[in-house]
Amino acid sequence: MRKTAGLAWTGMIALSVIVAGCSSNSGNSNTKEVSGNTVNDIGNNTASNAVQYEPEKHDPVTLKYTFWGSPNEKKVQEAAIKSFTEKYPWIKVNTLHIPDSYTTKLTTMASSNQMPDIGLLNGDVALDWASQGRIYNIMDFLNNDPDVSVNDILPNTMYYWDEGKLAGINGALEAFALFYNKDAFTDAGLPLPPTKADEAYTWDQFVETAQKLTLDQKGHNALDPDFDPKSIKQFGVTMPNWAYMNAVVTNGGKFVNDTGTEFKLADPEATEAIQRWADLINKYHVAPSPTQSKNLPSGANALQSRKVAMTMDGQWSLVDLGATKKLNFGIGVAPVMKNKATMTLGEPIVIFKDTKHPEEAWMLYKWMMNPENTIELQTSGLWMPVLKKWYENEDLVSKWAAGNPAHPDGYQDAVMRNAFDNGFPNTSYYVKNLSKINSIIDSALADVWLGKTTAQEALTKIKPQVEKELKGVYTEK
C-alpha cells in the first residue's frame with residue numbers, strides 16, 4: 001500500500017561551487033587555495049598566479065532532534081549525529097532522548113513553542129499531525145534532491161497521508177520471525193526450523209513442533225497423555241498478542257476494506273487466524289497466557305533459561321539475542337497458514353513545521369537514512385535499512401547482515417529476504433483514527449486470549465462499535 005524517492009537548494013549550492021570554480025579559471029592555469037588545501041590545476045603552477053579563496057560561508061544553525069529507544073540505540077544515534085556535525089560544522093544538533101510518554105511530551109512542548117526541528121514520531125500520530133499541517137511533506141524534499149529518490153526507498157517504510165504527500169520515512173524497517181533455542185530442539189530430537197519462506201512450517205507443523213517442545217515439570221511434552229498443563233517448565237512458544245495481524249494476513253484476512261469503511265477482522269479468515277493464536281494458549285497449552293507471561297523472563301532471557309523454546313517476535317530482539325553469549329540461538333521463518341507474509345513496521349522520522357531550518361533538517365534526515373552513518377544500529381540487530389540497495393547489493397548486505405553475533409546463519413532468508421519479498425505494512429501505516437479503534441479491539445481480544453470467549457464472538461460483537469469509529473484510510477493514490 002506504499003510506494004517509493006532529495007533538495008533543489010542542495011543542487012543550487014553544488015552548482016554555485018562549480019560556477020565559482022569555472023569563473024575563477026578564466027582560461028588560466030594556476031594554483032588555487034581552497035579551505036587551506038592546495039589544489040593544482042593542470043598546466044603552469046606559479047606562486048604569482050595563485051588566487052586566494054575563502055571557504056564557503058554558512059550562518060550557524062542549531063537543530064533539535066528528538067527520539068526514543070534503548071540506551072544502545074541512544075548511544076549509536078548520538079554518535080551518528082556527532083559525525084554529521086563534524087561533516088557540517090556550522091550545524092549544531094541538540095539531541096533530546098525521550099524514553100517514555102513521547103507523544104504526550106511533544107504535545108506539551110508544542111504548547112510552549114519548544115517543538116523540535118526533526119525527530120521520530122509514532123506512525124499514526126505522524127499521519128494525523130501531517131493532516132493538520134504540523135509536519136512537512138517529505139516528498140517536497142525528495143522530488144528536488146539529486147542524492148536520493150523515492151524509488152530508492154523500501155515501499156513499506158513510508159507513511160503517506162494523501163496523494164504525493166509523505167509524512168515520513170521509517171528510521172528503520174522491522175519484521176517478524178521465529179527465534180529459538182537450538183539446544184531445546186536438539187534435546188527434543190527435532191530438526192531446526194526452516195529459514196526460507198517457501199519451506200516455512202504450515203500451521204499444523206508449527207503447532208506440533210510447539211507441542212513437542214512444551215514440557216511439564218516431569219518432562220512430559222504436550223502430546224503425552226500424562227502431560228500436566230498446570231505445571232509447565234518450558235513453553236513451546238511465545239507470541240506477542242498485539243501482533244495478531246501476522247496471523248490474519250497469512251490466513252488471507254484483512255483489518256479493514258480498501259476504503260477503510262468496513263471492519264474486516266470479524267470475517268472468517270481473520271477470526272480463524274486469531275482463534276488459532278488463542279488456541280496455542282487455551283487448547284494446546286504450548287504458549288503462556290497473559291497472566292503466565294507476567295511471571296516469565298522476556299526475550300533472550302526466556303530462551304536462555306529454557307522457560308521458552310521458541311518466540312515469534314520482531315527482528316529488533318536480535319540486539320539482545322546476539323549479546324547473550326551463553327545462548328545458542330537460531331532464526332527461522334515465521335509459520336504460514338495460507339500465504340507467505342510477515343508484518344513490517346517501524347516509526348517515521350519527520351520534519352516539524354515549527355523548524356526555521358528545513359534545509360538543514362533535511363540534510364540530517366538524509367544522513368540518518370544512510371546506513372553508512374548508523375551502521376552500529378544495523379549490525380547490532382536493532383535496525384534494518386530503509387534503502388533498497390542495502391538488500392539487493394551483496395557487498396552492502398555483508399556490511400550489516402552477516403559476520404556478527406546478531407545475524408547468524410539463516411537470518412538473511414528468514415528475516416531480511418522475507419521482509420523484502422513478503423512484507424506487508426502494519427495498520428499504523430494506513431488506518432485513520434487507529435488509536436480509538438485499537439482500544440476497542442484490544443479490550444475485546446483480552447477475553448479471547450484468556451479463553452473466555454471465541455474470536456468470532458468477540459469481534460462480531462464489536463463490529464458495529466468499531467465501524468462507528470472508522471474514518472477511512474490514508475493513501476498515496
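## Asn 433 and His 285

Asn 433 is partly exposed, with a relative accessible area of 28%. In this predicted model, its phi is positive, about 60 degrees, even though Asn 433 is not a glycine. To find Asn 433, look in the loop that runs between β16 (423-425) and α18 (434-449).

Which other residue can you look at in the same spirit? Try His 285, a residue other than glycine whose phi is also a positive value, near 60 degrees. His 285 sits in the loop between α9 (268-282) and α10 (290-293). Its relative accessible area is 28%, so His 285 counts as partly exposed.

## The chain as a whole

Stepping back, the chain holds 19 helices and 16 strands. Of its 477 residues, 51% are buried. The accessible surface comes to about 21,700 Å², and carbon and sulfur atoms account for 48% of that area.

## Nonpolar cores

Now for the inside. The largest nonpolar core brings together 152 residues. Ile 169, Tyr 244, Phe 255, Leu 265, Trp 277 and Ile 441 are the ones with the most contacts inside this core.

Which residues does Tyr 244 touch, leaving aside its neighbours within four places in sequence? They are Phe 255, Leu 265, Ile 274, Trp 277, Asn 438, Ile 441, Leu 445 and Trp 449. Apart from the largest core lies another one, of six residues, including Val 319, Leu 377, Leu 382 and Trp 383.

## The largest cavity

The largest cavity has a volume of about 60 Å³. Among the residues that line it are Trp 203, Met 239, Asn 246, Ala 247, Thr 250 and Trp 277; Trp 277 is also one of the residues with the most contacts inside the largest core. Further along the list of lining residues come Met 312, Ala 334, Pro 335, Met 337, Ala 341 and Thr 342.

Which helix gives the most to this lining? It is α8 (residues 245-250), with three residues. By class, the lining has nine nonpolar and three polar residues, with no charged ones.

## The second largest cavity

The second largest cavity offers about 50 Å³ of space. Its lining consists of Ile 169, Asn 170, Gly 171, Ile 349, Tyr 365, Met 368, Met 369 and Val 386. Here you meet Ile 169 again, one of the residues with the most contacts inside the largest core.

Both β8 (165-170) and α13 (358-369) supply at least two residues of this lining, and α13 gives the most, with three. Sorted by class, the lining has six nonpolar, two polar and no charged residues.

Terms used. Residues numbered from 1 in each chain as written. Predicted model: local features only at pLDDT ≥ 70, side-chain atom pairs only at ≥ 80, totals over all residues. Heavy atoms only, no water. Core = buried A, V, L, I, M, F, W, Y, C linked by side-chain atoms within 4.5 Å. Buried < 20%, exposed > 50% of the residue type's maximum accessible area, 1.4 Å probe, protein only. Contact = heavy atoms within 4.5 Å. Helix = DSSP H or I, 4+ residues; strand = E, 2+ residues; numbered from the N terminus. Areas by Shrake-Rupley, 256 points an atom, 1.4 Å probe, with all protein chains shown as cover. 1 Å grid on protein atoms, 1.4 Å probe; cavity = no way out; pocket = protein on both sides within 12 Å on 5 of 7 lines; lining within 4 Å. Points joined across faces, edges and corners; volume = space filled by probe spheres on them. Nonpolar A, V, L, I, M, F, W, Y, C, P; charged D, E, K, R; others polar.
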